[in-house]
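Thanks for coming. I will put the structure up and then go through a few parts of it.

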Amino acid sequence: MEANTRNTGRLPAAFLTPGSSSFMDFLGDHAPDLLPGSRPLPQVQGAIEAPHGTTIVAASFPGGVVLAGDRRATMGNVIAQRDIEKVFPADEYSAVGIAGTAGLAVEMVKLFQLELEHFEKVEGAQLSLEGKANRLSTMIRGNLGMAMQGLAVVPLFAGWDVDRAKGRIFSYDVTGGRSEEHGYASTGSGSVFARGALKKLYRDDFTEHQAATAVVQALYDAADDDSATGGPDMGRRIYPIVTVITDEGFKRFTDADVAEIARAVYERRMEEPDGPRAALL
């Protein structure tokens, strides 16, 4: 059968008529070793040193949701990469930001993109935003074995809910537990500081530009207190990745747009290093 397939160049019938709308289930049936969570790890002693992505933040506004991430990847106490990309479109109306083991996280995002594309081609319709969030939860749960060995992936998922006509944000834990966040959210090593900043800055009547400015402010605060988070690098012209998802779909802010916001934040920080002050009452 295999020899015949090689000789004719034809794919087996199962490959042409998938029985499931889930690409992960299809892959699990025919090539389970390609799933990230199915790969055995060699026996090692001590922690595994691998590049880690750090801080992702999100904030909703009446017309959509903004998802952003810093650009630093660390490996222990070393900066492994200064310009890593951590925010990716999942499909036309959603995006995912990665925190955790960088290599596995990027691979998981690519598999998630394929999962959504496969569903759309098989079913002839897009998954609901809720359905997408659930599919990502299943993928994270499938990586639990790796997570228990120190190779965790904890993303932040955001998108435009076509049915509800609003932007929504979902956060996860290493077991795949999913929570919907309201207003704003963060994940990664600097998430505590970023969330604290957004807690004081966030308003539910933000414009798109104000929401983008708020997440850059939050990443700046995270970088101020967390060595694994990279702030805007004015010298190297490396700025956070900022994306927005609205009823028009996914859009990534241009480098020039983010640079303008980052410079405004930086210049203001020269006057007030601790950032904007929230009213006492």
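A residue counts as buried when its relative accessible area is under 20%. Keep in mind that this is a predicted model.

With that cut-off, start at Leu 67, which is found in strand 3. Leu 67 has a relative accessibility of 0%, so it counts as buried. Leaving out residues up to four places away in sequence, Leu 67 touches Ile 56, Val 57, Ala 58, Val 87, Ala 95, Val 96, Gly 97, Leu 156, Ile 241, Val 242 and Thr 243. There is also a long-range pair to note: Leu 67 and Arg 252 are 185 residues apart along the chain, and their C-alpha atoms are separated by 9.4 Å.

Next, Thr 246, in strand 13. Its relative accessible area is 11%, so Thr 246 is buried. With residues up to four places away in sequence again not counted, Thr 246 touches Phe 61, Gly 63, Gly 64, Tyr 93, Trp 160 and Glu 208.

Now the helices. Helix 8 covers residues 208–225, 18 residues in total, and it reaches 26 Å from its first C-alpha to its last, close to the 26 Å expected at 1.5 Å a residue. Which residues of helix 8 are buried? They are Ala 211, Ala 212, Ala 214, Val 215, Val 216, Gln 217, Ala 218, Leu 219, Tyr 220, Asp 221 and Ala 222. What they pack against is strand 2 (56–61), strand 3 (64–69), helix 7 (191–201), strand 13 (241–246) and helix 9 (255–271).

Take helix 7 from that list. Helix 7 and helix 8 pack at about 140°, with their axes 7 Å apart. That angle is why helix 7 is called oblique to helix 8. The crossing of the two is right-handed. On the helix 7 side the contact is made by Phe 193, Ala 194, Ala 197, Leu 198 and Leu 201, and on the helix 8 side by Ala 214, Val 215, Gln 217, Ala 218, Asp 221, Ala 222 and Asp 225. By class, this contact of helix 7 with helix 8 has 9 nonpolar, 1 polar and 2 charged residues.

The other pair is helix 4 and helix 5. First helix 4 alone: its 22 residues should span 32 Å at 1.5 Å a residue, and its end C-alpha atoms are 31 Å apart, which agrees. Its buried residues include Met 108, Leu 111, Phe 112, Glu 115, Leu 116 and Phe 119. Just after helix 4, Gly 124 takes a positive phi of about 75°.

Helix 4 (residues 102–123) and helix 5 (residues 129–142) pack at an angle of about 135°, and their axes are 11 Å apart. The two are therefore oblique to each other. Helix 4 passes helix 5 in a right-handed crossing. Met 108, Leu 111, Phe 112, Glu 115, Leu 116 and Phe 119 of helix 4 make the contact with Lys 132, Arg 135, Leu 136, Met 139 and Ile 140 of helix 5. Sorted by class, that is 8 nonpolar, no polar and 3 charged residues.

Last, backbone angles. Most residues other than glycine have a negative phi. Ala 165 is not a glycine, yet its phi is positive, about 55°. Ala 165 sits in the loop between strand 9 (156–161) and strand 10 (166–172), and at 49% relative accessibility it counts as partly exposed. Arg 237 also has a positive phi, about 60°. Arg 237 lies in the loop between helix 8 and strand 13. Is Arg 237 buried or exposed? At 62% relative accessibility, Arg 237 counts as exposed.

Note on methods
Residues are numbered from 1 along each chain as its sequence is written. This is a predicted model: local features need pLDDT of at least 70, side-chain atom pairs count only at pLDDT 80 or more; totals for chains, interfaces and linings use all residues. Side-chain values use heavy atoms; hydrogens and water are left out. Helices (H or I, at least four residues) and strands (E, at least two) are DSSP runs, numbered from the N terminus. The expected span of a helix is 1.5 Å times one less than its number of residues. Buried means under 20% relative accessible area, exposed over 50%, partly exposed in between (1.4 Å probe, protein chains only). Contact means heavy atoms within 4.5 Å. Axes are lines fitted to C-alpha atoms, for helices over the stretch in contact, and angles run from 0 to 180 degrees between N-to-C directions. Angles under 35 degrees count as roughly parallel, over 145 as roughly antiparallel, 65 to 115 as roughly perpendicular and the rest as oblique. A crossing is left-handed if the near helix is turned anticlockwise from the far one by less than a right angle, and right-handed if clockwise. Ala, Val, Leu, Ile, Met, Phe, Trp, Tyr, Cys and Pro count as nonpolar, Asp, Glu, Lys and Arg as charged, and the others, Gly among them, as polar.
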